[in-house]
Amino acid sequence: FNGYGNMRLLRSDSSLVQYLRISKYPASLSYLSLELGIGVLILAFLLWVEAKLRQRRASIPGWTILFGQTSLCYYLLHVHLLQLGAWACGLSQKGSLPQTALATAVVVLSLYPTMLGFHKLRQRYPRSILRFL
């Protein structure tokens, strides 16, 4: 309705394209619903794919749940690993989108065993400070 949010992005009609023309600052209801909706759809898809592909083993969580339960630890490690890899290859702030996607896939796959070990360590000591990571 050209009201709150969408600063200086007035809508000319009520089409889908005009609905997707949103402003991030200040965060409008359109922006929040779009971002949260896309996130929920991606999460639902990932959980569906994981359920189809994964063999049922109770001791090892699926990758979506594993990275969700160790998210802060993953966040703290992946940033430095990506920066180190870009620096070692001489591609810091020079890569294309496909190169970035490939680097992301390599980092996720390489950190999976680390996150699995960290998850088991957290299960072994449930009342330690590790539960916050």
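**Exercise 1. Determine in which helix Leu-121 is found, and whether this residue is buried, partly exposed or exposed.**

Solution. Leu-121 belongs to helix α5. The model is a predicted one, and its computed relative accessibility for Leu-121 is 30%. A residue is buried under 20% and exposed over 50%, with partly exposed in between. Leu-121 therefore counts as partly exposed. As a further step, consider Arg-131, which lies ten residues from Leu-121 along the chain; the C-alpha atoms of the two are separated by 9.7 Å.

**Exercise 2. Describe the secondary structure of the chain and state what share of its residues is buried.**

Solution. The count of elements gives five helices and zero strands. Following the sequence, one reads the pattern α-α-α-α-α. Of the 133 residues in the chain, 21% are buried.

**Exercise 3. Locate Leu-43, classify its exposure, and give its distance in space from Thr-64.**

Solution. Leu-43 is part of helix α2, which covers residues 29-53. Its relative accessible area is 44%. Since partly exposed lies between the limits of 20% and 50%, Leu-43 is placed in that class. Leu-43 and Thr-64 are 21 residues apart in sequence, and from C-alpha to C-alpha they are 8.4 Å apart.

**Exercise 4. Identify the residues of the nonpolar surface patch and examine Leu-76 as one of its members.**

Solution. The patch is formed by Leu-72, Tyr-75, Leu-76, Val-79 and Leu-133. Together these residues have about 430 Å² of accessible area. Leu-76 is located in helix α4. With 45% relative accessibility, Leu-76 counts as partly exposed. Membership of such a patch requires over 30% relative accessible area, so the value of 45% for Leu-76 satisfies this condition.

**Exercise 5. Characterise the largest pocket by its volume, its lining and the helices that contribute to the lining.**

Solution. The volume of the largest pocket is about 410 Å³. Its lining consists of 18 residues, and those closest to the centre are Leu-82, Ala-86, Gln-99, Thr-100 and Ala-103. Next, consider the helices: α4 (71-89) and α5 (97-124) each supply at least two residues of this lining. Helix α5 gives the most, with seven residues. Finally, sorting the lining by class yields nine nonpolar, eight polar and one charged residues.

Key
Residues are numbered from 1 along each chain as its sequence is written. This is a predicted model: local features need pLDDT of at least 70, side-chain atom pairs count only at pLDDT 80 or more; totals for chains, interfaces and linings use all residues. Side-chain values use heavy atoms; hydrogens and water are left out. On a 1 Å grid over the protein atoms alone, a cavity is a set of points where a 1.4 Å probe fits but cannot get out, and a pocket is an open set with protein on both sides within 12 Å along at least five of seven lines; lining residues have an atom within 4 Å of a point. Grid points are joined across faces, edges and corners, and a volume is the space filled by probe spheres set on the points. Helices (H or I, at least four residues) and strands (E, at least two) are DSSP runs, numbered from the N terminus. Ala, Val, Leu, Ile, Met, Phe, Trp, Tyr, Cys and Pro count as nonpolar, Asp, Glu, Lys and Arg as charged, and the others, Gly among them, as polar. Patches are made of residues with over 30% relative accessible area and no salt bridge: like charges are joined within 9 Å, nonpolar side chains (Val, Leu, Ile, Met, Phe, Trp, Tyr) within 5 Å. Accessible areas come from the Shrake-Rupley method with a 1.4 Å probe; for residues, only the protein chains shown count as cover. A salt bridge is a side-chain nitrogen of Lys or Arg within 4 Å of a carboxyl oxygen of Asp or Glu. Buried means under 20% relative accessible area, exposed over 50%, partly exposed in between (1.4 Å probe, protein chains only).
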